[in-house]
Amino acid sequence: MHRTAGIVLIVGLIVVLCPDVRGYFTSNDVNTSKQSYFFGAKDASDILCFSKTLLRGSAMPQDVSYTNPTAAKNINFITLAADRYSNHGFTADIASGKIGTTSVTIKVNARSILPFAIQVKFYCVK
């Protein structure tokens, strides 16, 4: 077998057999690599309307909420990203509200004491 074909075969097997790698290639509205989450889709004209940093050493779980005070300025996109790699990662889910409305609450869960910082950003219609 040619060396390139062997590498392609190995990478293909990893993607098929390893759920952690398959998580990188999801097509639903939530994408994750265990170190970052994305909810919704960011339009080119969307603006950052709220951000919060969950600091290293914070007690978990925590809720991060934002309600846009401007009517009709919906939240279209939310990102969460760890500031460094950890074997433990974190999870994030929409606890209340939904993308495309003016109010969303994200529930963030990790180890009881957060071993890294997480930056949360909400993007709204301009």
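This report describes the fold, core, aromatic pairs, salt bridge and some local backbone features of a predicted model.

## Overall architecture

The protein chain of this predicted model contains two helices and eight strands, and, read from the N terminus, the elements follow the order α-α-β-β-β-β-β-β-β-β. Of the 126 residues in the protein chain, 29% are buried. Among the contacts in the protein chain with a separation of 6 or more, 74% are made by residues that lie 24 or more positions apart.

## Strand S5 and its partners

Strand S5 covers residues 75–82, and because six of its eight residues are buried, S5 is largely enclosed by the rest of the structure. S5 pairs with S2 in the antiparallel sense over five bridges, and within this pairing Ser-36 has Ala-81 of S5 as its bridge partner.

S5 also pairs with S8, again in the antiparallel sense, over seven bridges. In this second pairing, Ile-75 is placed opposite Cys-124 in S8.

## The nonpolar core

The largest nonpolar core comprises 22 residues, and those with the most contacts inside it are Ile-78, Leu-80, Phe-90, Ile-106, Val-108, Ile-118 and Phe-122. At least two residues of this core come from each of strand S2 (36–40), S4, strand S5 (75–82), strand S7 (103–109) and S8.

Ile-78 gives a view of the surroundings of one such residue: leaving aside residues up to four places away in sequence, Ile-78 touches Tyr-37, Phe-38, Phe-39, Ile-99, Val-104, Ile-106, Val-120, Lys-121 and Phe-122. Two of these neighbours, Tyr-37 and Phe-39, are themselves buried, and Phe-122 is buried as well.

## Aromatic pairs

Across the whole structure, a search finds eight aromatic pairs. One of them joins Tyr-37 and Phe-39, whose rings are stacked, with 6.4 Å from centre to centre and 15 degrees between the planes. Both Tyr-37 and Phe-39 are buried, and together with Phe-90 and Phe-116 they form one aromatic cluster.

Another pair consists of Tyr-66 and Phe-122, and it counts as tilted because the ring planes stand at 55 degrees, with the centres 5.9 Å apart. This pair links distant parts of the chain, since Tyr-66 belongs to strand S4 (residues 62–67) and Phe-122 to strand S8 (residues 118–124), the two residues being 56 residues apart. Tyr-66 and Phe-122 are both buried.

## The salt bridge

The structure holds one salt bridge, which is formed by Asp-63 and Lys-107, with 3.8 Å between the closest N and O atoms. Here too distant parts of the chain are linked, with Asp-63 in strand S4 and Lys-107 in strand S7, 44 residues apart. In general, side chains of opposite charge can pair when their charged atoms come close.

Asp-63 counts as partly exposed because its relative accessibility is 43%, and Lys-107, with a relative accessible area of 37%, is likewise partly exposed.

## The loop between S3 and S4

The loop between strand S3 (47–54) and S4 contains Ser-58, which counts as buried because its relative accessibility is 16%, under the 20% limit for that class. A polar atom of the Ser-58 side chain lies 2.6 Å from the backbone oxygen of Leu-55. Apart from residues up to four places away in sequence, Ser-58 touches Ser-112, Ile-113 and Leu-114.

Pro-61 is placed in the loop between S3 and S4 too, and the peptide bond leading from Met-60 to Pro-61 is cis, with omega near 0 degrees. Most peptide bonds are trans, and most residues other than glycine have a negative phi.

## A positive phi between S4 and S5

Ala-72 is located in the loop between S4 and S5, and its phi is near 65 degrees, a positive value in a residue other than glycine. Ala-72 counts as exposed because its relative accessibility is 64%, which is over the 50% limit for that class.

Terms used: Residues numbered from 1 in each chain as written. Predicted model: local features only at pLDDT ≥ 70, side-chain atom pairs only at ≥ 80, totals over all residues. Heavy atoms only, no water. Phe/Tyr/Trp six-rings, centres within 6.5 Å; stacked < 30°, edge-to-face > 60°. Buried < 20%, exposed > 50% of the residue type's maximum accessible area, 1.4 Å probe, protein only. Helix = DSSP H or I, 4+ residues; strand = E, 2+ residues; numbered from the N terminus. Polar contact = N/O pair within 3.5 Å; in protein donor to acceptor, adjacent residues only side chain to side chain. Contact = heavy atoms within 4.5 Å. Core = buried A, V, L, I, M, F, W, Y, C linked by side-chain atoms within 4.5 Å. Salt bridge = Lys/Arg side-chain N within 4 Å of Asp/Glu carboxyl O. Pairing = 2+ DSSP bridges.
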